[in-house]
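The following exercises concern the structure shown below. Each task is followed by a solution that proceeds step by step.

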Amino acid sequence: MTIRKALTIAGSDSGGGAGIQADLKTFQELGVFGTSALTAVTAQNTLGVHGVYPLTAEAVEKQIDAVLSDMGVDALKTGMLFSAEIIEAAARKLHEYECQNVIVDPVMIAKGGASLLQEEATEALKKVLLPRALVVTPNIPEAEVIAGMTITSEEDKKEAAKIIASFGPKNVLIKGGHDEGTKTIDLLYDGKIFHTFLGKRIDTKDTHGTGCTFSAAMTAAIAKGASVRVAAQTAKQFIQAAIEDGLYIGEGHGPTNHWAYRQRGGN
Ligand SMILES: Nc1ncnc2c1ncn2[C@@H]1O[C@H](COP(=O)(O)OP(=O)(O)O)[C@@H](O)[C@H]1O
Ligand SMILES: Cc1ncc(COP(=O)(O)OP(=O)(O)O)c(N)n1
């Protein structure tokens, strides 16, 4: 049996709905062996972020070294990176180990409004990390910050995707969770063509960690050999099932159901 492996470089969510915890659960559900390099510890639950405690860039580098020098990976993703120093450290390691299948989820702000990326780190993200990405997966507010424009229509999303592509990622996927309307529209730009992935918008407050889970599902699918387009389709089905079959945990924005996709027969 060939074991496929994935690495997540991200923050810890004590509430288990987002961050490293969501990533590892998603890898597991999609049959991929998960490894991790922690960037920060957050004290977090469904009501919000109650504390952020970043690790040093050196600690992040050491974890990446430990995993990549011995075990290797088929794909990796980044999530909450918090500072320019951590972004630069991660980018140096991706260069050193010649990592190819890199999925960058440019996490900036948690649902409750807490900052998970220092404002001055956006430039480092654009300059050193995006050029190394096979795919970058911003939500709409993140796409607005990276592209430097406001998004209010599908045409705006396309324009923003083109601007973000100019920073170097091979593919840009703008997630549609923050849109309005009865459908969610995720837009993939591969440098030439636009592809859309549609879902039924579920009326629920339990959407904590949807972005992390979506990008982790893409990472797992790519680790198993899927193209970016097929991986986006798998991730869309995974997150749709995870939101639809809600778990109703906690008083605020609850986590999604990472079991749902496999329980429905997905693989
Ligand atoms: N209420 C919802 N119903 C169905 N799909 C959703 C809903 N909210 C988000 N999604 C989907 O979850 C994924 C993550 O999207 P988004 O919420 O934009 O990311 P983030 O968590 O980074 O803000 C996307 O595929 C999006 O379409
Ligand atoms: C530790 C940590 N990492 C990332 C996030 C953001 O997750 P996301 O999937 O964007 O979901 P919401 O925060 O929007 O629910 C996080 N909260 N914590």
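**Exercise 1.** Locate Tyr248 and state what is unusual about its backbone in this predicted model.

*Solution.* Step 1: Tyr248 belongs to the loop that runs between α8 and α9. Step 2: its phi is near 55°, which is a positive value in a residue other than glycine. Step 3: most residues other than glycine have a negative phi. Step 4: Tyr248 has 10 other C-beta atoms within 10 Å, and therefore it is exposed, given that 12 or fewer such atoms define the exposed class.

**Exercise 2.** Determine whether Glu251 is buried or exposed, and which residues it touches.

*Solution.* Step 1: Glu251 is placed in the loop between α8 (228-244) and α9. Step 2: inside 10 Å it has 9 C-beta neighbours, so Glu251 counts as exposed. Step 3: leaving aside residues up to four places away in sequence, Glu251 touches Thr46 and Leu47. Step 4: Glu251 and Ser14 are 237 residues apart along the chain, and their C-alpha atoms are separated by 15 Å.

**Exercise 3.** Describe the backbone and the surroundings of Glu98.

*Solution.* Step 1: Glu98 sits in the loop between α3 and β5 (102-104). Step 2: although Glu98 is not a glycine, its phi is positive, about 50°. Step 3: Glu98 is exposed because it has 7 other C-beta atoms within 10 Å.

**Exercise 4.** Classify Gly16 as buried or exposed, and name its contacts.

*Solution.* Step 1: the loop between β1 and α1 contains Gly16. Step 2: Gly16 has 20 C-beta neighbours inside 10 Å and therefore counts as buried, the threshold being 20 or more. Step 3: Gly16 touches Gln21 and Pro255, when residues up to four places away in sequence are not counted. Step 4: the C-alpha atoms of Gly16 and Ala165 are separated by 32 Å, with their positions 149 residues apart along the chain.

**Exercise 5.** How many residues of helix α1 are buried, and against which elements do they pack?

*Solution.* Step 1: α1 covers residues 19-29, and 10 of its 11 residues are buried. Step 2: among them are Ile20, Leu24 and Phe27, as well as Asp23, Lys25 and Glu29. Step 3: the buried residues of α1 pack against the strands β1 (5-13), β2 (33-45) and β4 (75-78), and against the helices α7 (210-223) and α9 (260-263). Step 4: Gly31 follows α1 and has a positive phi, near 75°.

**Exercise 6.** What is the relative orientation of α2 and α3, and which residues join them?

*Solution.* Step 1: the axes of α2 (residues 57-70) and α3 (residues 84-96) come within 9 Å and cross at roughly 25°. Step 2: α2 and α3 are therefore roughly parallel to each other, as angles under 35 degrees fall in that class. Step 3: the crossing of α2 past α3 is right-handed. Step 4: Ala57, Val60, Glu61, Ile64, Asp65 and Leu68 of α2 meet Glu85, Ile86, Ala89, Ala90 and Lys93 of α3. Step 5: by class, the residues of this contact are seven nonpolar, no polar and four charged.

**Exercise 7.** Carry out the corresponding analysis for α3 and α4.

*Solution.* Step 1: α3 packs with helix α4 (residues 122-129) at an angle of about 10°, and their axes are 9 Å apart. Step 2: this makes α3 roughly parallel to α4. Step 3: from α3, Ala84, Ile87, Glu88, Ala90 and Ala91 meet Ala124, Leu125, Val128 and Leu129 of α4. Step 4: the contact of α3 with α4 has eight nonpolar, no polar and one charged residues.

**Exercise 8.** Analyse the packing of α7 with α8, and identify the core residues that touch the most other members.

*Solution.* Step 1: the axes of α7 and α8 are 8 Å apart, at an angle of about 140°. Step 2: α7 and α8 are therefore oblique to each other. Step 3: α7 passes α8 in a right-handed crossing. Step 4: the contact includes Phe214, Ala217 and Met218 of α7 and Ala231, Ala235 and Phe238 of α8. Step 5: its classes are 14 nonpolar, three polar and no charged residues. Step 6: in the largest nonpolar core, of 79 residues, Ala6, Ala90, Ala217, Met218, Ala220 and Ala235 touch the most other members. Step 7: Ala220 touches Ala6, Thr26, Phe27, Leu30 and Val32, not counting residues up to four places away in sequence.

Methods:
Residues are numbered from 1 along each chain as its sequence is written. Chains are lettered from A and ligands numbered from 1 in the order in which they are written. This is a predicted model: local features need pLDDT of at least 70, side-chain atom pairs count only at pLDDT 80 or more; totals for chains, interfaces and linings use all residues. Helices (H or I, at least four residues) and strands (E, at least two) are DSSP runs, numbered from the N terminus. Two residues are in contact if their C-beta atoms, placed from the backbone, lie within 7 Å. Axes are lines fitted to C-alpha atoms, for helices over the stretch in contact, and angles run from 0 to 180 degrees between N-to-C directions. Angles under 35 degrees count as roughly parallel, over 145 as roughly antiparallel, 65 to 115 as roughly perpendicular and the rest as oblique. A crossing is left-handed if the near helix is turned anticlockwise from the far one by less than a right angle, and right-handed if clockwise. Ala, Val, Leu, Ile, Met, Phe, Trp, Tyr, Cys and Pro count as nonpolar, Asp, Glu, Lys and Arg as charged, and the others, Gly among them, as polar. A nonpolar core is a set of buried Ala, Val, Leu, Ile, Met, Phe, Trp, Tyr and Cys residues joined through C-beta atoms within 7 Å.
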